[in-house]
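Dear colleague,

I am passing on the structure we talked about, and my notes on it follow below. Please read them with the model open beside you.

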Amino acid sequence: MAKARSKTASTLCPCGSGLTLSACCEPYLLGETHAPTPESLMRSRYTAYALRQDDYVIATWAPETCPQPLFEAGEPRAKWLGLAVTRVEEGSRPDEGFVTFTARARTNRGAFRMTERSRFEKRDGLWLYVEGEVESD
């Protein structure tokens, strides 16, 4: 189900693109269109995490690797502070892509950075997040 469009068209998108939310990830989150590339899907998923739109995160995750539930009861939720995309790669097939990024966040347990190389697959015309390799600090 689509969510209402944000009231502030000047709000910068959390994904760090430099664009406004309405000109960047919001159309994907609202279901108005689909992310056309692995990078745009990764950025929109980060935005969904930042805005706590868990339904979008689940809908864009390959069902065979998506955790159920997405978060455990009482699990501290991160406040996402920033995203840097460091590498975008094509896969060995045209329906596969990789995006490496670093995301900064904090919880009530402290601040942290997460660097991940995410793998995406295009299925039935839609990009999905499949899995990621997280680098340790």
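Leu83 stands opposite Ala103 in strand 2, and this pair is a convenient place to begin, bearing in mind throughout that the model is a predicted one. The two strands concerned are strand 1, residues 79–90, and strand 2, which run antiparallel and are joined by ten bridges; they form a hairpin, with five residues between them.

Strand 2 also pairs with strand 3, residues 110–123, again in the antiparallel sense and over twelve bridges. Here the connection is a hairpin through two residues, and within the pairing Arg104 stands opposite Arg113 in strand 3. As for burial, ten of the twelve residues of strand 2, which covers residues 96–107, are buried, so this strand is largely enclosed by the rest of the structure.

In the helical part I looked at one residue in particular, Val57, which has its place in helix 3, residues 54–59. Because its relative accessible area is 0%, and buried means under 20%, Val57 counts as buried. Setting aside neighbours within four places in sequence, Val57 is in contact with Arg45, Ala48, Tyr49 and Leu70. Should you wish to check a distance, the C-alpha atoms of Val57 and Met42 are 9.9 Å apart in space, while the two residues are 15 residues apart in sequence.

Turning to the chain as a whole, the protein chain has three helices and four strands, and reading along the sequence gives the pattern α-α-α-β-β-β-β. The radius of gyration is 15 Å, which agrees with the value near 14 Å that a compact globule of 137 residues would have; along the principal axes, the C-alpha atoms fill a box of roughly 40 × 35 × 30 Å.

Of the 137 residues, 40% count as buried. Among contacts with a separation of 6 or more, 40% are accounted for by residues 24 or more positions apart. The accessible surface of the protein chain comes to about 8,100 Å², and carbon and sulfur atoms hold 51% of that area.

Finally, with regard to charge, the protein chain carries 18 positive and 19 negative side chains, and the centres of these two sets lie 8 Å apart.

With best regards

Methods
Residues numbered from 1 in each chain as written. Predicted model: local features only at pLDDT ≥ 70, side-chain atom pairs only at ≥ 80, totals over all residues. Heavy atoms only, no water. Rg over C-alpha atoms; globule rule 2.2 N^0.38 Å. Buried < 20%, exposed > 50% of the residue type's maximum accessible area, 1.4 Å probe, protein only. Contact = heavy atoms within 4.5 Å. Areas by Shrake-Rupley, 256 points an atom, 1.4 Å probe, with all protein chains shown as cover. Lys, Arg positive; Asp, Glu negative; His and termini not counted. Charge placed at Lys NZ, Arg CZ, Asp CG, Glu CD. Pairing = 2+ DSSP bridges.
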